[in-house]
Amino acid sequence: MNSFYNKTIILPEDDARIIEASNNINFCNILLIGEGISSKENVNYIDNKTYKDNDILINELYDLRKDKGLTIEDARDLITNNKYVFSLMLLRKGIADGVVCGATLTSKEVIGHALRIIGSKGFASSFTLIDNKDKGLLLFSDTGLNIDPSIDNLVSIAEDSCKSYKKITGNESIVGFLSHSTDSSCICDMQNKMHEAAALFKEKNSNIRCDYEMQFDAAIDQNVSNMKIKNSNTNGLVNTFIFPNLDSANIAYKVAERLGNNKCYGPIIQGLNKPVNDISRGSSVEDIIGTVYLTVLMSL
């Protein structure tokens, strides 16, 4: 467990919730950006305006983005005045193990800079972890990144989500490709996309429990599953839910959170070269602490 407790996560934003969360985190090291002195042993500050290696970070950022029109002056401004960009460069250099941001920034800003500076392994997506008192930990994906994923995108999202679920819970995923249709009960373009995605996923991942496209009730309720799906592999026990598009996934997790009294953590970005995670601007202190915890797990 030493590797877990020795991880360092950067929280770069100036926000009272960030400070309170930092003061209540004891499972990893926290790095805050700006001027400050902490009374906690595991919380430290780095000032992005006076950091000793700023010239190295500026030059590396310039080299990274000059082909996209970034000038050396732009790079200097970003490093010294944008705490989030500065944090990503520290992460890129191995000074930290992850970054959690979004209390004051939009998801577009958080994800955009992360993709440009940290980069992805090929395809990036995101998930939200739903903590339900009856069903345990459930994973909804993609809740924050891909607007209208293709069939191949959906398969990649599902495969990455299975890996994330295993890393976080230690358990195997049972996958549901969600639709308004269950196993071709209604035929249309959206249903066909989810049916084909499920078929391709099943072909590539025969060891993971999955059926064809299904409605949410068939995914979560064993009695409904028995009625709607013959010889089901999932039996109403789905824990990893793949949504057809960003609208449906994002709406679903916010409904689950606000009306279902579930704790929700995310969107958690998967597929980046190093962990960077987005929190909602409406996040509570508990939400921030939970996202930091998940970021540590994703860094292992």
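Start by selecting R17, I18, E20 and A21 in helix α2, then add V285, I288 and I289 in helix α12: these two groups meet, contact being heavy atoms within 4.5 Å. By class, this contact has five nonpolar, no polar and two charged residues. Here Ala, Val, Leu, Ile, Met, Phe, Trp, Tyr, Cys and Pro count as nonpolar, Asp, Glu, Lys and Arg as charged, and the others, Gly among them, as polar.

You are looking at a predicted model, in which local features need pLDDT of at least 70 and side-chain atom pairs count only at pLDDT 80 or more, while totals for chains, interfaces and linings use all residues. Residues are numbered from 1 along each chain as its sequence is written, and side-chain values use heavy atoms, with hydrogens and water left out.

Now show all of α2 (residues 16-23) and α12 (residues 285-299), whose axes are 9 Å apart at an angle of about 60 degrees. Helices (H or I, at least four residues) and strands (E, at least two) are DSSP runs, numbered from the N terminus. Axes are lines fitted to C-alpha atoms, for helices over the stretch in contact, and angles run from 0 to 180 degrees between N-to-C directions. α2 and α12 are therefore oblique to each other; angles under 35 degrees count as roughly parallel, over 145 as roughly antiparallel, 65 to 115 as roughly perpendicular and the rest as oblique. Their crossing is right-handed, a label used if the near helix is turned clockwise from the far one by less than a right angle, with anticlockwise being left-handed.

Next, pick S283, in the loop between β11 (276-278) and α12. Is S283 buried or exposed? S283 counts as buried because its relative accessibility is 7% (buried is under 20% relative accessible area, exposed over 50%, partly exposed in between, with a 1.4 Å probe and protein chains only). Not counting residues up to four places away in sequence, S283 touches R17 and I288. Try a distance label: the C-alpha atoms of S283 and R17 are separated by 8.5 Å, although the two are 266 residues apart along the chain.

Move on to helix α3 (residues 54-65) and helix α4 (residues 72-81), which pack at about 130 degrees with axes 9 Å apart. This pair also has a right-handed crossing. Among the residues that meet are L57 and L61 in α3, and A75 and L78 in α4.

Then bring up α5 (residues 83-92) and α6 (residues 107-117), where the axes come within 10 Å and cross at roughly 35 degrees. The contact includes Y84 and L88 of α5, and H113 and I117 of α6.

Now for some backbone details. Most residues other than glycine have a negative phi, and most peptide bonds are trans. Zoom in on S141 and D142: the peptide bond between them is cis, with omega near -5 degrees. Next select N231, which has a positive phi of about 50 degrees although it is not a glycine. N231 is exposed, with a relative accessible area of 76%.

Finish with two neighbours in the loop between α11 (246-258) and β10 (263-272), where N262 lies and N261 is found too. N261 has a positive phi, near 55 degrees, and counts as exposed at 70% relative accessibility. N262, at 10%, counts as buried. Which side chain does the side chain of N262 make a polar contact with? Select N132: the two side chains are 2.8 Å apart in that contact.

Terms used. A polar contact is a pair of N or O atoms within 3.5 Å; within protein, one must be able to donate a hydrogen and the other to accept it, and residues adjacent in sequence count only if both atoms are side-chain atoms.
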